[in-house]
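Please load the model in your viewer and keep the selection panel handy. We will go from stop to stop, with something to select at each one.

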Amino acid sequence: MAQGLTYTDAVKLLGGAGPFGKAADDLVGAALLLGTAGGSEAAISLFDAKGEAFRLGHRVAGKITDLVRGQGRYHRGERLHAAHAVLAVSSFFGALGDCLESTGLRSPDFTREDQLLLVATARTAGSWQSRLLDAAIPAPSPEWPFDRLLDELTAWYAERAAILARHLPGLAVWDAADDRARRAAGTVLAEVLPGLAREHYEQVTRRLAAEIPEFAIWMTRTEARATSRGLERLETLLLTATSHAAPLRHRAGLAAVYRADLDEPILGGDAGELIMPSLGLAYLDPWFRVRPGGPGTRPADEDWWAGAEARTDFDGFLAVYLTTPQAATVPLLLLGQPGGGKSSLTRILAARLPAADFLVVRVALREIRAESEVQDQIEQTLRGTLGETVAWADLAGSADGAMPVILLDGLDELLQATGVHQSDYLERVAAFQRREARLGRPVAVIVTSRVAVADRARLPAGGLAVRLEPFAESQVDRWLEIWNTANAGYWTRAGRKPLTHDVIVRFPELAGQPLLLLMLALYDAGANALQDTADFDTGQLYERLLHDFAGREVRRVHGEHLPESDRAALVDEELLRLSVVAFAMFHRLRLWATADELDADLRGLGLPPSGTARHGGFERPFTAGEEMVGRFFFIQRTQAFQDDQTRRTYEFLHATFGEYLVARLVVQAVREATALSRARSLRVGRTGDDDLLRSLLGYTPLCARGTVMPFVTSLLARSDPAELREWLVGRLRAAVTRPSWAPLRYQPVDKRVDHWMATYSFNLLLIVLACGGPVRASELFLRARDPAGWLRDSVLQWRGSIPGGMFLDALKPVQVTRMWADDERRDMALEVVTDPAFERVDPLWSHRSGPGRAFPGTGPADDLSDNFPVVPVLTSMALSGAFSDDVLRHAADPVLEHFGWPAMTTFIDHGPDGVESVANSLLRVLLARNGDPAAAYERAARALGRWHDKAGSSPDFVRCHAVFQRSLAGDAGRLAERDVARWAGLIAAE
């Protein structure tokens with residue numbers, strides 16, 4: 001909760017050497033801070049304190065313009081904050097006077113004893129005076145809108161009223177005859193005073209809002225309004241409180257540079273005949289959520305934001321933030337997704353803040369030395385922006401009342417591009433702010449970062465975390481209106497249709513991010529490709545987008561007259577390289593990769609630079625990685641300058657672009673390998689068909705990202721999956737029966753050889769399953785006596801090589817069916833289904849006893865029951881520590897405790913009804929009360945009887961028999977009497 005000054009501090013701050021000095025001394029030194037009276041008769045009554053506070057509040061309200069005249073932006077806000085605190089308390093005392101008058105109470109004559117009691121009470125911690133004077137008062141804050149401030153003040157008033165009501169009856173002047181008056185006063189104070197104080201507060205602040213612009217800004221209620229753009233309203237709000245002072249040279253130069261950004265197109269580069277709207281025109285003010293920082297801050301966790309409502313008043317939020325002292329204490333952390341408009345927001349903000357009142361420096365962290373301190377980063381930026389060396393101390397010292405605002409754009413770039421530990425960066429920024437405040441140069445700082453890496457930098461207590469939200473439908477509609485208006489002439493000349501809401505809402509994940517929405521608009525502008533095809537999935541959209549942009553790049557480099565076959569080959573080569581970029585991120589389990597990593601991966605797969613990059617003079621030629629990603633604007637480049645080197649990383653504007661490209665390259669490699677294998681079918685000793693596939697599939701399971709396998713399935717369905725499946729099964733059969741590994745040039749991450757082989761075969765299995773239909777152990781292990789056992793061994797290898805969460809994710813849609821092959825070998829079928837069903841365990845299958853196995857039917861199935869190593873099995877499970885094992889063991893614990901392990905390992909043959917353990921039969925008795933218990937009792941009685949015939953009355957049998965008898969006694973009333981007698985007679989227990 002945002003809290004302002006205490007009342008004491010507010011009065012002192014307003015007093016100073018100005019016209020309120022004596023009033024402050026009177027009020028603070030004598031009227032309310034009774035400790036200075038030293039217990040003398042100068043002690044003052046509650047009613048006199050009320051009068052003093054109320055009079056001071058009126059004086060502040062009447063002279064508030066004088067209080068802030070001539071003050072700079074920060075000190076003006078500081079004094080107005082203090083005035084707000086005084087007015088909040090004076091509203092309380094004004095309402096108190098009304099309450100006391102309504103009860104008929106008047107100021108009593110205090111005896112010396114009463115005065116001493118008041119003094120003692122005032123000097124005691126927890127007294128009503130100290131709780132009023134020393135309690136922080138809710139104040140205007142960007143964290144909440146005005147309606148929330150009113151609610152917080154009402155709660156604060158209620159707490160003060162309750163404290164006051166508890167202290168009134170303790171005074172000697174309220175004698176026994178005044179019981180009714182005391183009770184009436186207490187009721188009024190507790191129930192009426194808070195609401196009345198709120199009314200007083202609203203009246204005075206509403207009046208002041210007409211005179212003081214900051215009060216109008218603070219008291220603005222959040223309301224639904226048309227989508228605003230370019231932070232125009234923020235500039236309008238701040239200009240209402242401007243000093244109109246002419247900025248000095250350096251500040252004016254910075255303002256001119258930033259202001260010019262408003263007229264720049266939203267996306268640089270050649271757009272052909274299309275018109276790119278300007279940044280100031282096309283940037284829509286974002287919706288956002290805000291939460292305070294401190295211990296437990298987890299801004300990268302979606303659940304952490306659940307308690308914060310989405311707000312639409314971003315202009316008002318910033319206006320309050322920049323006109324309250326809170327801005328100069330700790331940094332504000334501004335978070336968003338790639339392509340969400342964070343950098344554009346800092347450009348807009350730098351342009352919109354009035355130069356008369358704000359000294360803005362926008363620092364692009366990608367362009368300065370990562371190891372530098374905050375002040376050095378600012379000064380490096382000043383040199384690059386102004387073209388001359390400017391010392392921060394000199395610039396801030398010459399601000400002439402304007403408040404410095406530092407915009408640090410791209411904290412995630414420092415974290416990700418340098419690999420340097422920067423968890424204390426925001427704390428270092430806060431330390432910089434504290435130092436500047438002590439030197440009389442208070443400064444506000446806003447830091448931007450991607451949401452995904454936000455937890456890697458600690459946000460100090462008192463700071464705010466703000467997350468930009470995806471576009472709402474109303475914002476998408478407004479953006480489309482701007483885009484279509486700007487390109488109205490192009491639609492007519494090119495015979496194209498404008499992009500409409502009905503088309504774009506089919507792709508909500510992309511339309512929600514401004515840059516991705518622009519990408520969709522650019523793609524559709526070419527041939528209305530989004531509109532001409534009514535039904536295609538996300539994968540098909542991605543294929544078209546990627547193919548279209550790759551084609552544009554090929555045409556840009558090679559011209560329009562390239563033969564179509566050559567053009568198609570070059571487009572495929574571009575997309576191949578782009579897929580390798582996606583795999584570089586995928587294998588490293590990150591959403592980004594460094595330039596060095598891309599170069600190494602491209603070299604490992606034999607993909608050098610394509611030769612299309614242009615460089616000349618003394619410029620260093622582009623590396624393969626730099627050349628590749630520099631041509632696609634849906635790849636975001638982040639960089640930082642460290643140790644005199646530029647370190648770069650790359651990521652996709654939306655993670656699913658990379659995941660689609662991973663799936664695309666996998667399926668492409670399968671298709672090409674299948675075709676090559678078919679073409680070489682007559683060649684003896686053919687090799688090398690799957691070299692690319694082997695290189696790609698041995699490092700990371702394809703289930704590591706949730707959308708990869710759905711993309712693989714969709715892409716396979718567009719080919720002949722049956723033909724591909726045949727080739728894949730052959731490769732999978734070789735991988736699980738004759739695993740091999742040869743050193744590969746492509747090694748994106750370190751991997752144990754055995755883990756590489758297991759990961760490779762597991763990925764082949766996932767691809768085979770994606771082709772459709774079941775995969776049987778018997779078609780993988782053709783000559784194995786026990787195909788299911790061999791598959792089990794492979795599963796154990798997969799389970800040991802693949803992280804547990806990924807392994808279980810891959811199995812979620814898989815139905816496992818245990819069966820017997822035609823030759824009575826154990827078999828197992830795996831198949832991807834919509835809703836996998838639960839399959840009961842068949843002990844005969846588990847024990848490798850075929851369906852033709854016959855038992856005598858007169859006792860336990862001895863070879864299933866004897867010598868089962870229960871204790872070592874439990875020890876093995878405990879040692880493995882697998883969560884899944886522990887869950888099942890936990891459920892089985894009561895069975896072990898009450899039945900004993902022999903009941904679990906003694907199996908009874910029930911003829912056509914199969915084989916079942918004694919424990920299983922007993923559990924079915926206990927759980928059958930809602931169904932047909934007779935069949936369950938029949939099996940349990942038979943099982944216990946046959947167990948007793950063989951083993952006698954062992955302690956374990958006696959315990960199980962007792963469970964059976966107690967259950968039978970409880971159910972006897974709903975069972976046939978002769979059945980109960982027969983079941984009891986089957987067991988001759990000793």
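Where in the chain is confidence lowest, and where is it highest? Colour this predicted model by pLDDT and select helix α2 (residues 21-32): confidence is lowest there, with a mean of 41. Then jump to strand β4 (residues 403-409), where confidence is highest, at 97.

**Stop 1: the confidence colours**

Stay with the colouring a little longer. The chain has a mean pLDDT of 80, and 78% of its residues reach 70 or more. Helix α2 (residues 21-32) has the lowest mean confidence, 41. Select residues 16-47 to see a stretch with pLDDT below 50, which nevertheless has 70 contacts in the model beyond near neighbours in sequence. Residues 107-125 are another selection to make: pLDDT stays under 50 there, and the model has 41 contacts for them beyond four places in sequence. Where pLDDT is low, the predicted coordinates should not be read in detail.

**Stop 2: the whole chain**

Zoom out and show the cartoon. You are looking at 47 helices and 14 strands. Of the 990 residues in the chain, 52% are buried. Turn on the surface next: the accessible area comes to about 44000 Å², and carbon and sulfur atoms account for 53% of it. As for contacts between residues at least 6 apart in sequence, 74% join residues at least 24 apart.

**Stop 3: strand β2 and its partners**

Select residues 332-336, which form strand β2. Is this strand enclosed or open? Five of its five residues are buried, so β2 is largely enclosed by the rest of the structure. Show the side chains and look along the strand: L332, L334 and G336 point one way, while L333 and L335 point the other way. In a regular strand the side chains alternate between the two faces of the sheet.

Now add strand β5 (residues 444-450), which pairs with β2 in the parallel sense over five bridges. To find one of the bridges, pick L335 and its partner in β5, S449. Add strand β6 (residues 464-468) as well; β2 and β6 pair in the parallel sense over four bridges. Here you can pick L333, whose bridge partner in β6 is A465.

**Stop 4: a loop residue**

Go next to E371, in the loop between β3 (358-364) and α17 (374-386). E371 is partly exposed, at 40% relative accessibility. Draw a distance from its C-alpha to that of L414: the two are 9.1 Å apart in space and 43 residues apart in sequence.

**Stop 5: the nonpolar cores**

Which residues touch the most other members of the largest nonpolar core? Select L545 and L702, which hold that place in a core of 117 residues. Around L545, show L510, M519, L520, Y523 and F657, which L545 touches when residues up to four places away in sequence are not counted. Another core lies apart from this one and has 113 residues, including L96, I212, W305 and A319.

**Stop 6: salt bridges**

The count of salt bridges comes to 46. Begin with E214 and R73, whose closest N and O atoms are 2.8 Å apart. This pair links distant parts of the chain, with E214 in helix α11 (residues 213-218), R73 in helix α5 (residues 73-103), and their positions 141 residues apart in sequence. Are these two residues buried or exposed? E214 is buried at 0% relative accessibility, and R73 is buried too, with a relative accessible area of 6%.

Move on to R664 and E543, which also meet in a salt bridge (2.8 Å, N to O). R664 lies in helix α31 (residues 655-679) and E543 in helix α27 (residues 538-558), so the pair ties together parts that are 121 residues apart in sequence. R664 is buried, at a relative accessible area of 10%.

Then select E916 and R840, a salt bridge at 3.9 Å, N to O. E916 sits in strand β14 (residues 915-917), and R840, 76 residues away in sequence, is in the loop between β12 (826-832) and α39 (843-846). Colour by accessibility to see the contrast: E916 is buried, at 6%, whereas R840 is exposed, at 53%.

For the last selection, show D151, R198, E202 and R206 together; a network of salt bridges links them.

How values were computed
Residues numbered from 1 in each chain as written. Heavy atoms only, no water. Salt bridge = Lys/Arg side-chain N within 4 Å of Asp/Glu carboxyl O. Helix = DSSP H or I, 4+ residues; strand = E, 2+ residues; numbered from the N terminus. Buried < 20%, exposed > 50% of the residue type's maximum accessible area, 1.4 Å probe, protein only. pLDDT = per-residue confidence, 0-100. Contact = heavy atoms within 4.5 Å. Core = buried A, V, L, I, M, F, W, Y, C linked by side-chain atoms within 4.5 Å. Areas by Shrake-Rupley, 256 points an atom, 1.4 Å probe, with all protein chains shown as cover. Pairing = 2+ DSSP bridges.
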